[in-house]
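Please open the model in your viewer, with side chains available as sticks and a distance tool at hand. The tour below proceeds by selections, each followed by a description of what is there.

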Amino acid sequence: MVLDLRGLNPAPVTPFTPDGDVDYAAIQRLGSWLGSIEGVKSLVVLGHAGEGTFLTETEQLDVIRAFRDSVEDRLPIIAGITKEGNRTAALEAKDAADAGAKGALVYPSHGWLRFGFQPGAPQTRYRAIWEESGLEEILFQYPDNTKASYDLDTQLEIAGQEGVNHTKNGVRNMRRWYTEIPALRAAYPELQVLSCHDEYLLPTMFDVDGLLVGYGNIAPELLVDLIEAGKARDYPAAHAIHERLLPVTKAVYHRGSHMEGTVALKWGLVNRGILDHATVREPLLPLPAGADAEIAAAFSSADLGSVVVPA
C-alpha cells in the first residue's frame, strides 16, 4: 500500500526540557494534537524543523517511537534520513523502520551542498535505502541556490525507482517549478507532489497534492484549508488564508536565516499552548530580544490562539 500523503504533513519540532534533554511529555502533547486534526496525513520527524541532526542516534530512534505513540500508530511516521554515505544512510533507515517509521524523507548527502554530485549518484542513494529498509521514500528537491538541487533528469530517474512514490519540492525557483512539476506529473501521474515552500506557499498551492512543512506545527487548521482551496482552484479563498497567515509567515519565516524559523516555530507553539518555552540545541541560538513578543503579536493578528490538547 502506497502511503497517502495528499494533505498536510507537518514536520514537528523536537521539544526539549530547559536542561536540553528531549521532552517526551511535550512530544506527546504536540503529536496527539497534530494527529487529531482532520486532513493531517503523517508526521515527518527528524528533519530541519525537528533538529534531527542535533540528536544522538539513540534519541533519534526514541523520538520516532514517541511520535508514533503520540498518534497511537494511526498516522504514519516518516523519518528524515541524513547520513552522508549510502551504507550509513541505509542502516539509518533500517533502524528507523525498526523503531516504527513507515517512510523516509531522503536528504541529499550533505557534501553535495558545497561540491555538487556526480551524475547518477543520487539514484544509488535512494536505491540503497529502499533495498535495506523497505521504507517508502520521498524524493527531496533542495533549493535551486544549492549544489544539491537535482536537475530534471535526475528527479525523473529517482521518481521512477521502486519505493519512490512522493516528492517534497523546495526548489524556490518558480521558473524551474513551472517546468519541472508538470514534467514529473506527465511521467508519473501517481507521484504525490508536496510543496515545502513555507515562506511563500500561495504560488505553489495549485500544483500540489499536499504540503510537507514545518509550518504545519503552528497553523495546521488553516493549512488544511489552504490545501483544499488549492485543490478546488479557489484562488480568492486561498488568498484570504494567505493574507490571514501573512503576519505569522513574516514573523516565523521571513527572518535572517531559514534556520531561525525552527526557533520561531517553538515560540509559535508556546503561543498555541503546546510548549512552555522555546529551548533549542546549539548551534541554533535564541532569537533576539523582543522576538517572542513580535511572534505573539503575529499569532494574535492571525487569530491563532491556544488549543486544547486531546487527553
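Begin by selecting Gln-123, which belongs to helix α5, residues 121–133, in what is a predicted model. Gln-123 has a relative accessible area of 5%, and because buried means under 20%, this residue counts as buried. Now show the side chain of Glu-157 as well, and a polar contact of 2.5 Å will be found joining it to the side chain of Gln-123. If residues up to four places away in sequence are set aside, the residues that Gln-123 touches are Thr-154, Glu-157, Ile-158 and Gln-161.

Next, select helix α7, residues 174–187. The 14 residues of α7 reach 20 Å from the first C-alpha to the last, which is close to the 20 Å expected at 1.5 Å a residue. Colour Arg-176, Trp-177, Glu-180, Ile-181 and Leu-184, the buried residues of α7. They sit on the same side of α7, because the arc they cover around the axis is only 105 degrees. An α-helix has 3.6 residues a turn, so residues three or four places apart point the same way. Turning to the face of α7 that points away from its buried side, you will find the exposed residues Arg-175 and Ala-186.

What do the buried residues of α7 pack against? Display β5 (136–141), α6 (152–159), β6 (164–169) and β7 (192–195), since these are the elements that the buried residues of α7 pack against.

Staying with α7, isolate the side chains of Glu-180 and Arg-176, which meet in a salt bridge with an N to O distance of 2.8 Å. The two residues, Glu-180 and Arg-176, are 4 residues apart within helix α7, about one turn of the helix, and both of them are buried.

Move then to the N-terminal end of α7, where Asn-173 acts as the cap, with a side-chain oxygen 3.0 Å from the backbone nitrogen of Arg-175. Arg-172 lies in the loop between β6 and α7, and its phi is positive, about 55 degrees, although it is not a glycine. Arg-172 counts as partly exposed, at 23% relative accessibility.

From here, select strand β8, residues 210–213. Gly-210 and Leu-212 point one way from β8, whereas Leu-211 and Val-213 point the other way, and all are buried. Add β7, which runs parallel to β8 and is joined to it by 2 bridges; within this pairing, Ser-195 stands opposite Leu-211 in β8. Add also strand β1, residues 8–10, which pairs with β8 in the parallel sense over 3 bridges, and look for Pro-10, which stands opposite Val-213 in β8.

The next selections concern charged pairs, of which the structure holds 17 in the form of salt bridges. Where do Arg-255 and Glu-294, whose side chains meet in a salt bridge (3.8 Å, N to O), lie in the fold? Arg-255 is in the loop between α9 (235–253) and α10 (260–271), while Glu-294 is in helix α11 (residues 291–301), so the pair ties together parts that are 39 residues apart in sequence. Glu-294 counts as partly exposed, at 40% relative accessibility. Select afterwards Asp-4, Arg-6 and Lys-41, which are linked in a network of salt bridges.

Another pair to select is Arg-74 and Glu-72, which form a salt bridge whose closest N and O atoms are 3.8 Å apart. Arg-74 is partly exposed, with a relative accessible area of 49%, whereas Glu-72 is exposed, with a relative accessible area of 62%. Asp-73 is placed in the loop between α2 (57–70) and β3 (77–81), and it has a positive phi of about 65 degrees although it is not a glycine. At 45% relative accessibility, Asp-73 counts as partly exposed.

For the last stop, select Glu-282 and Pro-283, which are joined by a cis peptide bond with omega of about 20 degrees. Pro-283 lies in the loop between α10 and α11. As background for this stop, most residues other than glycine have a negative phi, and most peptide bonds are trans.

Notes: Residues numbered from 1 in each chain as written. Predicted model: local features only at pLDDT ≥ 70, side-chain atom pairs only at ≥ 80, totals over all residues. Heavy atoms only, no water. Expected span 1.5 Å × (residues − 1). Buried < 20%, exposed > 50% of the residue type's maximum accessible area, 1.4 Å probe, protein only. Arc of directions from axis to C-beta. Contact = heavy atoms within 4.5 Å. Polar contact = N/O pair within 3.5 Å; in protein donor to acceptor, adjacent residues only side chain to side chain. Pairing = 2+ DSSP bridges. Salt bridge = Lys/Arg side-chain N within 4 Å of Asp/Glu carboxyl O.
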